[in-house]
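Have the structure open beside you, and let's walk through a few parts of it together.

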Amino acid sequence: MELKVTVATAERLDKYLAQNSPYSRETINKLISSGIVTVNQKKVKPSLKLKVDDLIFLPDVVNEPEELVGEDIKLDIIYEDQDLLVINKQSGLVVHPGSGNGKHTLVNALLNYDPTIKEVGEALRPGIVHRLDKDTSGLMLVAKSAQAYELLVEAFKTKKIHREYLALVAGVFPHQHCVIEAPIGRDPKNFQRYKVLASGKYAKTTVTIEKRYPKYTLLRLSLATGRTHQIRVHLAYIGYPVFNDPVYSQKKCTDFGQFLHSEYLEFEHPITHEKLSFRVPLPAEFQNFLDHE
């Protein structure tokens, strides 16, 4: 649902929503802290003081968040020390619980592996300093200590962590290299999607050719910004949607989802300051598809 503030108020966001929605203040606070509730398409704090014409987005159906519990879900751990984990996330795994869904996520797997992570970071996404879409595979950083969490969050904000993705797109890409600069915001007609909008947030994606196939192109991409669905939205915008993307390709897709993989990660360890870099191969279904092209 969308709520538009129509009268002058200095009321806190969490108090306002508790009075103007069917949900408890505790639930509202958790949803705001997890980024599910936004004001003017921006993540905010529960203490935000509202103004006239502020536009609040709250999911239409919200269940009380379940207690987070560990689940025996296999983790592919590439690196670990006392402060952080580097994980190769499988396609199909949601990173963190959303409203009414507290199960079968990477967070549940992490809490089973190391219950102390529950005390690190935000309540509904402990340890999570960045995310990948459900059907995007590959490298992710997870914080194990509060100090590492704060420093890694800041490192992502200041663009000090380098990531490269591989994406298979439909069509033969005509350029060897290009830069896509186009602002991204929520699709006003479908809040589950994002699109290029003049009113959106600045977004920049650098694209280079990895390999051309008769009907497809394998691209290497790096991000100067970290908008939700950025690669998928930018590539669809220029007419080369990620292959098998159930949201942006407008074609029938398999359950595997988009052929998008976080292949390379490079960063300075927030505590030891050691330079670390990691690379992981494509998932089997992605690689098998390429092998038969």
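The paragraphs below visit a pair of helices, then a third helix, and then two single residues. Please keep in mind that this is a predicted model.

Let's begin with the two helices. Helix 1 covers residues 13-20 and helix 2 covers residues 25-33; their axes lie 9 Å apart and meet at an angle of about 130°. Angles over 145 degrees would count as roughly antiparallel and those from 65 to 115 as roughly perpendicular, so helix 1 and helix 2 are described as oblique to each other. The crossing of helix 1 past helix 2 is right-handed. If you would like to display the side of helix 1 that takes part in the contact, select Leu13, Asp14, Lys15, Leu17 and Ala18; the partners on helix 2 are Arg25, Ile28, Asn29 and Ile32. Sorted by class, this contact brings together 5 nonpolar, 1 polar and 3 charged residues.

Now move along to helix 3, residues 106-113. Of its 8 residues, 6 are buried, so the rest of the structure largely encloses this helix. The buried ones are Leu106, Val107, Asn108, Ala109, Leu110 and Leu111. What covers them? The cover over the buried residues of helix 3 includes strand 6 (84-89), strand 8 (125-126) and strand 9 (137-143). At the N-terminal end, helix 3 is capped by threonine 105, which places a side-chain oxygen 3.2 Å from the backbone nitrogen of valine 107.

Strand 8 is home to arginine 125. Is arginine 125 buried or exposed? With a relative accessible area of 11%, it falls under the 20% cut-off, so arginine 125 counts as buried. Its side chain makes a polar contact of 3.5 Å with the side chain of histidine 96. Setting aside residues up to four places away in sequence, arginine 125 touches Ser34, Gly35, Lys43, His96 and Val107. Val107 is also among the buried residues of helix 3.

Our last stop is leucine 141, which sits in strand 9. Leucine 141 is buried too, with a relative accessible area of 0%. Beyond its neighbours within four places in sequence, leucine 141 is in contact with Leu84, Leu85, Val86, Val129, His130, Leu152, Phe156, Ile161, Leu265 and Phe267. To get a feel for distances, try tyrosine 216: between leucine 141 and tyrosine 216 there are 30 Å in space, C-alpha to C-alpha, and the two are 75 residues apart in sequence.

Methods:
Residues are numbered from 1 along each chain as its sequence is written. This is a predicted model: local features need pLDDT of at least 70, side-chain atom pairs count only at pLDDT 80 or more; totals for chains, interfaces and linings use all residues. Side-chain values use heavy atoms; hydrogens and water are left out. Buried means under 20% relative accessible area, exposed over 50%, partly exposed in between (1.4 Å probe, protein chains only). Helices (H or I, at least four residues) and strands (E, at least two) are DSSP runs, numbered from the N terminus. Contact means heavy atoms within 4.5 Å. A polar contact is a pair of N or O atoms within 3.5 Å; within protein, one must be able to donate a hydrogen and the other to accept it, and residues adjacent in sequence count only if both atoms are side-chain atoms. Axes are lines fitted to C-alpha atoms, for helices over the stretch in contact, and angles run from 0 to 180 degrees between N-to-C directions. Angles under 35 degrees count as roughly parallel, over 145 as roughly antiparallel, 65 to 115 as roughly perpendicular and the rest as oblique. A crossing is left-handed if the near helix is turned anticlockwise from the far one by less than a right angle, and right-handed if clockwise. Ala, Val, Leu, Ile, Met, Phe, Trp, Tyr, Cys and Pro count as nonpolar, Asp, Glu, Lys and Arg as charged, and the others, Gly among them, as polar.
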